[in-house]
Amino acid sequence: MTCSSFGKCGSCVLWEIPYKKQLEMKKERLKEMFSDFDIPEIEVIHGSDEHFRARAEFRVWHEDDRSYYAMRKRKEEGRGVIPIEECKIVDKAIYEVMEPLLKEIEKNENLRFKLYEINFLSNSKGELIVTLIYHKKVDESIAEDIKKLKEKFPHIDFVIRRKGRKYVFDKNYLIEELDIDGKIYKYKIIENTFSQPNREINKKMISWAKRWADGLKGDLVELYCGNGNFTIPLSENFKKVIATEINPESIEAATFNAEINKRDNISFMAMSAAEFSELKNSGFFKGYDLKNVLIDPPRAGLDDKSRKFVNEFDNIIYISCNPETLHRDLKTLAKNRKIKAFAFFDQFPYTNHMECGVILEK
Ligand SMILES: C[S@@+](CC[C@H](N)C(=O)[O-])C[C@H]1O[C@@H](n2cnc3c(N)ncnc32)[C@H](O)[C@@H]1O
């Protein structure tokens with residue numbers, strides 16, 4: 001892939017390295033990082049190296065009567081942001097709308113003045129939620145300007161944010177459809193709550209986890225379930241599922257997603273992983289056959305209470321976006337378990353970030 005922002009934008013730090021080489025390099029890095037564990041061959045799972053991001057955030061740079069998208073500078077250039085002409089990692093729907101949208105905003109001083117950031121969220125049908133974040137007082141009068149914008153971009157719903165306030169035109173969510181191994185799953189994905197950034201890799205991650213869940217006996221507990229991204233397809237592999245997550249809005253979406261996918265064996269709960277782990281001694285899990293757990297924590301990995309709880313299950317499916325905290329957690333979890341599979345999912349081409357999947361069995 002080539003991009004006119006390569007070498008200027010601080011996001012794609014691996015811009016000089018051909019994509020195939022990046023994959024080899026990251027695999028080697030993981031092999032070395034996890035060399036103190038007995039891991040099988042690392043399975044490398046990748047997708048396209050361009051137009052892969054289904055969500056993206058850009059700062060806005062104003063100069064005279066022009067406005068530009070901006071990204072943080074490369075580390076070597078110091079702090080701050082620089083204007084960019086294009087971003088090739090965002091998916092086609094976002095890429096195609098970026099320039100014409102900003103041109104329209106430029107023409108309207110009310111929409112342009114003190115516009116600080118623009119966020120994009122897309123689905124596979126090419127529908128979008130665009131969030132405009134302001135550093136000024138915004139009131140309902142902005143509705144007229146958004147209405148005009150919507151006439152030009154009917155496939156976009158707009159959310160306006162400024163400190164403590166939010167205006168939604170007309171909705172703040174999309175319905176995403178994912179084809180996992182030939183079956184379509186539907187998801188409500190809500191603006192400003194977590195959704196997997198790389199749609200193609202997400203589908204492959206779900207398929208991978210589902211493959212390893214196949215044949216497991218007992219019920220499933222899931223921590224950090226988000227909008228039910230893994231929960232819904234994996235619930236087909238188990239009799240009963242309890243899935244938890246700290247963000248109530250994500251749990252609301254997950255509950256809705258279970259309904260539209262006709263899954264009736266899942267109980268969702270909005271609580272932190274640590275709080276949920278404490279229920280272990282309360283008799284709450286009576287009636288559940290607690291053998292399997294799926295975890296997909298944020299970069300910080302597992303806290304002490306959750307790690308202790310997870311360590312009581314026979315089978316663990318660990319999806320991680322941070323190999324360092326994964327390594328720390330495996331020091332506990334791999335002590336009495338075999339690492340049956342280790343996958344590297346390249347969710348973030350051109351960056352040093354690495355997403356991994358690990359299957360552990362007692
Ligand atoms: C990497 S995301 C994974 C979400 C989901 N599994 C998916 O595939 O979309 C991590 C999730 O953990 C949630 N989270 C963050 N801290 C948490 C905590 N302490 N306890 C429970 N959930 C937490 C976030 O809200 C987020 O939805």
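**Exercise 1. How much space lies in the largest cavity, and which residues line it close to the centre?**

Before we start, a word on the model: it is predicted, local features need pLDDT of at least 70, side-chain atom pairs count only at pLDDT 80 or more, and totals for chains, interfaces and linings use all residues. Residues are numbered from 1 along each chain as its sequence is written, and side-chain values use heavy atoms, with hydrogens and water left out.

*Step 1.* Search for enclosed space. On a 1 Å grid over the protein atoms alone, a cavity is a set of points where a 1.4 Å probe fits but cannot get out, and lining residues have an atom within 4 Å of a point. Across the whole structure, three cavities of 30 Å³ or more turn up.

*Step 2.* Read the volume, which is the space filled by probe spheres set on the points, with grid points joined across faces, edges and corners. The largest cavity holds about 150 Å³.

*Step 3.* Look at the wall. Of its 13 lining residues, E176, I189, S195, Q196 and N202 are closest to the centre of the largest cavity. The lining comprises five nonpolar, six polar and two charged residues; here Ala, Val, Leu, Ile, Met, Phe, Trp, Tyr, Cys and Pro count as nonpolar, Asp, Glu, Lys and Arg as charged, and the others, Gly among them, as polar.

**Exercise 2. Describe the second largest cavity.**

*Step 1.* Its volume is about 90 Å³.

*Step 2.* Among the 14 lining residues, C3, S5, C9, C12 and C87 lie nearest the centre of the second largest cavity.

*Step 3.* By class, that lining divides into ten nonpolar, two polar and two charged residues.

**Exercise 3. Which residues come nearest to the ligand, and which polar contacts can you find?**

*Step 1.* Collect the shell, taking a residue as near if one of its heavy atoms lies within 4 Å of the ligand. The ligand has 15 residues around it, with Q196, N229, E245, A273 and D296 coming nearest. The shell contains nine nonpolar, four polar and two charged residues.

*Step 2.* Look for polar contacts, here pairs of N or O atoms within 3.5 Å. A side-chain N or O atom of N229 is 2.9 Å from an oxygen atom of the ligand. For D296, a side-chain N or O atom lies 2.9 Å from a ligand nitrogen atom. Y224 uses a backbone N or O atom, at 2.9 Å from a nitrogen atom of the ligand.

*Step 3.* Check the cover: on its own the ligand has 590 Å² of accessible area (Shrake-Rupley method, 1.4 Å probe), and the protein covers 86% of that area.

How values were computed. A polar contact is a pair of N or O atoms within 3.5 Å; within protein, one must be able to donate a hydrogen and the other to accept it, and residues adjacent in sequence count only if both atoms are side-chain atoms. On a 1 Å grid over the protein atoms alone, a cavity is a set of points where a 1.4 Å probe fits but cannot get out, and a pocket is an open set with protein on both sides within 12 Å along at least five of seven lines; lining residues have an atom within 4 Å of a point.
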